[in-house]
Amino acid sequence: MKRVLLAVLPVVMFAAGAEAELVGAPIPIGVGVAQTSNVALFGQEQIIGAKIAEKYFNKQGVNGTPIKLVTQDTGGDEAGAINAFQNLISKEKVVGIVGPTLSQQAFGADPVANRLKVPVIGPSNTAKGIPQIGEFIGRVSAPVAKVAPYAVKQAMKQNPNIKRVAVLYAQNDAFSSSETVTFQETVKNLKLEMVTLQKFMTTDTDFTTQATAVLGANVDLAIISGLAADGGNLVKQLRQLGYKGIIIGGNGFNTANLFPVCGKNCDGILVAQAYSPEANNPTNKAFVADYRATYKKDPPQFSAQAFTAVQLFVEGLRKVEAATKKKITQLDLSVVRTELNKALREGSYITPLGEIALDKEGEINQKTFYVSEIKMDAGGKVGKFVIVK
Ligand code: 1QQ
């Protein structure tokens, strides 16, 4: 009788304080990414990576306590992301959130989580300014400024005679608008000439105007910042109109879900990326083996980054237990969220992305980046990203 009373007492005390409540077991980690709309072209890969991480890290859990991913579809826009985040925070009582898919959505939803003091790890938010949204916001997706220039340097290696460049971007998307700034700076730094700058919308399907302008400008390189559906159609229409030069796609091209959109015209596109399946560490090897067993091919960047985001939460939760000398499930939810946010920014992590760390602001510190070239088979149906050495 006495023991029962002791166990119940803390809950009653917290209930009197209205807000306070203990973390449930298994420990809920939110995954708020796009499972519907065109943005699901990325979100599907993120769910796969997060689930592989859940399985992998639950072999030990958080010192024995399992984690549980709670997924919530954000759809493709800001309102959907805000709604998903609110649900995960207030109804599902998650300790932290992996998400959302787009930077455009992060600028809407992250401030909500930040205000409620819930740690967020962006798995694919690469626009400038994401960690600066607030102290609870971090990311494992390296920013465009760090990654995008590699693609331009690779294009110069393939064709040292490049002089004239067309730059195109989706003006209604935060990531694309940020990435194009980096591309334009890189073009300038490499003493190339940007002869035309074309804008489009992620909702566009007809790119005749932009493709005609690129053809008319007589360029050797076209650099596109957009998402997979619009970007893929733009590539297709550029090639169909007769463009023969090199094409660089930004991070929105970093998915095999692009292949059905541009088909054989995807062939040769250069894409810089923050992940290589060949990264030589035990975490990546386990991740690649699990992915290959199911999908019979190498995992994509977005799956690797989502895995990494879940990993940081699990390792962060272990650090909170070590620091408080308590089980997460004995701690108040708001305490766990705050302590977890601090723990995420301590030390480094051996991940599929290599060894990484988050700085005090929540920005990722990552050392190695890659460029891949898309190779399509003769039929134009099957393709792959081949890392350029
Ligand atoms: C961003 C991106 C997108 C390409 C993620 C899918 O990098 O929105 O920041």
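This report describes the ligand site and the largest pocket of a predicted model. Residues are numbered from 1 along each chain as its sequence is written, and local features need pLDDT of at least 70, side-chain atom pairs count only at pLDDT 80 or more, and totals for chains, interfaces and linings use all residues. Side-chain values use heavy atoms, with hydrogens and water left out.

The shell around the ligand (residues with a heavy atom within 4 Å of it) includes Phe 42, Leu 102, Ala 127, Phe 175, Asn 251 and Phe 302. Its residues divide into five nonpolar, seven polar and no charged. Ala, Val, Leu, Ile, Met, Phe, Trp, Tyr, Cys and Pro count as nonpolar, Asp, Glu, Lys and Arg as charged, and the others, Gly among them, as polar. Domain 1 (27-142 + 280-358) and domain 2 (146-273 + 370-387) both contribute to this shell, so the ligand lies between them; the bounds come from an automatic or database domain assignment.

Oxygen atoms of the ligand pair with these protein N or O atoms (polar contact: N or O atoms within 3.5 Å).

| Residue | Part of residue | Distance |
|---|---|---|
| Ser 103 | side chain | 2.5 Å |
| Ser 124 | backbone | 3.1 Å |
| Thr 126 | backbone | 2.8 Å |

The ligand taken alone exposes 280 Å², of which the protein buries 100% (Shrake-Rupley method, 1.4 Å probe).

Strand S15 (383-387) gives the most to the lining of the largest pocket, with five residues. That lining divides into 13 nonpolar, nine polar and six charged residues. Both domains give residues to the lining, so the largest pocket lies between them.

Conventions: A polar contact is a pair of N or O atoms within 3.5 Å; within protein, one must be able to donate a hydrogen and the other to accept it, and residues adjacent in sequence count only if both atoms are side-chain atoms. Helices (H or I, at least four residues) and strands (E, at least two) are DSSP runs, numbered from the N terminus.
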